[in-house]
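Visitor: Got a minute? I'd like to walk through this one with you.

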Amino acid sequence: MQTTLTLDDDLAEALKERARRADQSFNQVVNDTLRRGLSPALAEAEPGYVVRPHRSGFKPGVDPLRLNQINDSLEAADFAGSPPQ
């Protein structure tokens, strides 16, 4: 179906930029964007990335949640000119 649509300037520029980056036609980008906006289930079905968890490699006894605390201690010791505790 062919129709005339008036877009705000900022939206038109954003769609043109997206079309350029995706190497797709302006019409295709507008259609895809409208489809995703009108159908949340369709948007969720196409993830932009996939997270694949893996082991961090920390040895037993190392708490990865306290690594910043170790770094802060080293920085404070360096600033004070004393050996770290």
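Visitor: Pockets first. How much space lies in the largest pocket?
Guide: About 320 Å³. A pocket here is an open set of points on a 1 Å grid over the protein atoms alone, where a 1.4 Å probe fits, with protein on both sides within 12 Å along at least five of seven lines. The volume is the space filled by probe spheres set on the points, which are joined across faces, edges and corners.

Visitor: And what kind of model is it?
Guide: A predicted model: local features need pLDDT of at least 70, side-chain atom pairs count only at pLDDT 80 or more, and totals for chains, interfaces and linings use all residues. Residues are numbered from 1 along each chain as its sequence is written, and side-chain values use heavy atoms, with hydrogens and water left out.

Visitor: Which residues line the largest pocket?
Guide: Met-1, Gln-2, Thr-3, Leu-5, Leu-7, Phe-26, Asn-27, Val-30, Asn-31 and Leu-34. Lining residues have an atom within 4 Å of a point.

Visitor: How does that lining split by class?
Guide: 6 nonpolar, 4 polar and no charged residues. Ala, Val, Leu, Ile, Met, Phe, Trp, Tyr, Cys and Pro count as nonpolar; Asp, Glu, Lys and Arg as charged; the others, Gly among them, as polar.

Visitor: New topic. How many helices and strands does the chain have?
Guide: 4 helices and 0 strands. Both are DSSP runs, numbered from the N terminus: helices are H or I with at least four residues, strands E with at least two.

Visitor: What sits between H1 and H2?
Guide: Asp-23, for one, is in that loop. Its phi is positive, about 55 degrees, though it is not a glycine. Most residues other than glycine have a negative phi.

Visitor: Is Asp-23 buried or exposed?
Guide: Exposed, at 71% relative accessible area. Exposed means over 50%, buried under 20%, partly exposed in between, with a 1.4 Å probe and protein chains only.

Visitor: And Gln-24, where is that?
Guide: Also in the loop between helix H1 (9-22) and helix H2 (26-38). Gln-24 is partly exposed, at 38%.

Visitor: What does Gln-24 contact?
Guide: Ala-19, Val-29 and Asp-32, leaving aside neighbours within four places in sequence. Contact means heavy atoms within 4.5 Å.

Visitor: What comes just after H4?
Guide: Gly-81, with a positive phi of about 80 degrees.
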